[in-house]
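Biologist: I'm new to this one and would like a quick tour. Could you put it up on the screen?

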Amino acid sequence: MASSSDPWMKEYNEASRLADDISSMIADRGSLPQSGPEIMRHTSAIRRKITILGTRLDSLESLFGRIPPKSITDKEMHKRQDMLSSLKSKAKQMATSFNMSNFANREDLLGQSKMPDDMSRVAGLDNQGIVGLQRQIMKEQDEGLEKLEETVLSTKHIALAVNEELTLHTRLIDDLEDHVDVTNSRLQRVQKRLAILNKRTKGGCSCTCLLLSVVAIVILAVIVWLLVKYL
């Protein structure tokens, strides 16, 4: 039976407790609102712990490869291999549920594109060094979350400003449409008045022409009479 001071078993127990903690957090996530900063923080904490779990699994792999020959029985060796495989499968399943498909490339989850391989990061580290690495990862994740929150708030303020601007332009367009309708109504009334005035003007011209024609005929008749009388 392995000793409680066995480095591999100690690391495995800590990784197993971390996996149980993640499972509990995933269960609690269902009781949170579907949107908002609270669910964002909770989800980020879960993803961060899954990343840390991956680091511990890498440490277990490294420790497993450094187990001195004949220090444990073959049966114990196979048992530990099965324990490690089972824990890795559980971690991969949790990572997949959060769309962390590139679980093996955890540098993408930490927001750095050229991060050293996790095996090289934990190689040669004792438990204290791994704890320090985990704290560094948590600090990086916290900083990333703060930047994300600032970006979300900034985007919200911009969206509110754009919405106010659109509302103002909508009111201006509505006012312009009202003025166009009023102007159109007035124009139609003016056109009607011009049509009536045009008809009256045409009627007045006809009467004047008729009167002038009668006067001309009378004058012509008088002239003809005078010519007949005196010639």
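What follows is a chat in questions and answers about this predicted model.

Biologist: Let's start with the fold. What pattern does the protein chain follow along the sequence?
Modeller: Keep in mind that this is a predicted model. The protein chain has 5 helices and 0 strands. Reading along the sequence, you get the pattern α-α-α-α-α.

Biologist: What percentage of the residues in the protein chain is buried?
Modeller: Let's take the surface before the inside. The accessible surface of the protein chain is about 16600 Å², and carbon and sulfur atoms hold 59% of that. As for the 231 residues of the protein chain, the buried share is 26%.

Biologist: Which helix supplies the largest share of the largest nonpolar core?
Modeller: The largest nonpolar core has 26 residues, and Trp 8, Ile 22, Ile 50, Leu 53, Leu 57, Leu 60 and Leu 87 have the most contacts inside it. Helices α1 (7-29), α2 (37-65) and α3 (74-97) each give at least two residues to this core. The largest share is 9 residues, and it comes from α2.

Biologist: Why might nonpolar side chains gather like that?
Modeller: I can only give you the general tendency here. In soluble globular proteins, nonpolar side chains tend to be buried together.

Biologist: Which residues does Leu 57 touch, not counting those up to four places away in sequence?
Modeller: Leu 57 is one of the core residues with the most contacts inside the core. Setting aside residues up to four places away in sequence, Leu 57 touches Leu 84, Leu 87, Lys 88 and Ala 91.

Biologist: Now the rings. How are Trp 8 and Tyr 12 arranged as an aromatic pair: stacked or edge-to-face?
Modeller: Both residues lie in helix α1, 4 residues apart, which is about one turn of the helix. Trp 8 is buried at 2% relative accessible area, and Tyr 12 is buried too, at 14%. The structure holds 2 aromatic pairs. For Trp 8 and Tyr 12, the centres are 5.5 Å apart with 5° between the planes, and the pair is stacked.

Biologist: Which residues do ring pairs link into a cluster?
Modeller: You've already met two of them, Trp 8 and Tyr 12, as an aromatic pair. With the remaining member added, the cluster is Trp 8, Tyr 12 and Phe 64.

Biologist: On to charges. How far apart are the closest N and O atoms of Arg 56 and Glu 11?
Modeller: A search of the whole structure finds 7 salt bridges. One of them links distant parts of the chain, with Arg 56 in helix α2 and Glu 11 in helix α1, 45 residues apart. Their closest N and O atoms are separated by 2.7 Å.

Biologist: Is Arg 56 buried or exposed?
Modeller: Look at its partners too. Glu 11 is buried at 1% relative accessibility, while Glu 14, which also forms a salt bridge with Arg 56 at 2.8 Å, is partly exposed at 22%. Anything under 20% relative accessible area counts as buried. Arg 56 has 8%, so it is buried.

Biologist: How many residues apart in sequence are the parts that Asp 21 and Lys 49 tie together?
Modeller: Asp 21 and Lys 49 form a salt bridge, with the closest N and O atoms 2.4 Å apart. Asp 21 lies in helix α1 and Lys 49 in helix α2, so the parts they tie together are separated in sequence by 28 residues.

Biologist: Where does Ser 44 sit, and which residues is it in contact with beyond its neighbours within four places in sequence?
Modeller: Ser 44 lies in helix α2. Ser 44 counts as buried, since its relative accessibility is 14%. Leaving aside the neighbours within four places, its contacts are Gln 141 and Leu 145.

Biologist: Last one, back on the outside. Which residues make the nonpolar surface patch of about 450 Å²?
Modeller: Start from Leu 211, which lies in helix α5 (residues 127-230). Leu 211 has a relative accessible area of 56%, so it is exposed. The patch is made by Leu 211, Val 215, Ile 219, Ile 223 and Leu 227.

Notes: Residues are numbered from 1 along each chain as its sequence is written. This is a predicted model: local features need pLDDT of at least 70, side-chain atom pairs count only at pLDDT 80 or more; totals for chains, interfaces and linings use all residues. Side-chain values use heavy atoms; hydrogens and water are left out. Patches are made of residues with over 30% relative accessible area and no salt bridge: like charges are joined within 9 Å, nonpolar side chains (Val, Leu, Ile, Met, Phe, Trp, Tyr) within 5 Å. Accessible areas come from the Shrake-Rupley method with a 1.4 Å probe; for residues, only the protein chains shown count as cover. A salt bridge is a side-chain nitrogen of Lys or Arg within 4 Å of a carboxyl oxygen of Asp or Glu. Buried means under 20% relative accessible area, exposed over 50%, partly exposed in between (1.4 Å probe, protein chains only). A nonpolar core is a set of buried Ala, Val, Leu, Ile, Met, Phe, Trp, Tyr and Cys residues joined through side-chain atoms within 4.5 Å. Contact means heavy atoms within 4.5 Å. Rings of Phe, Tyr and Trp (its six-membered ring) pair if their centres lie within 6.5 Å; planes under 30 degrees apart count as stacked, over 60 as edge-to-face and the rest as tilted.
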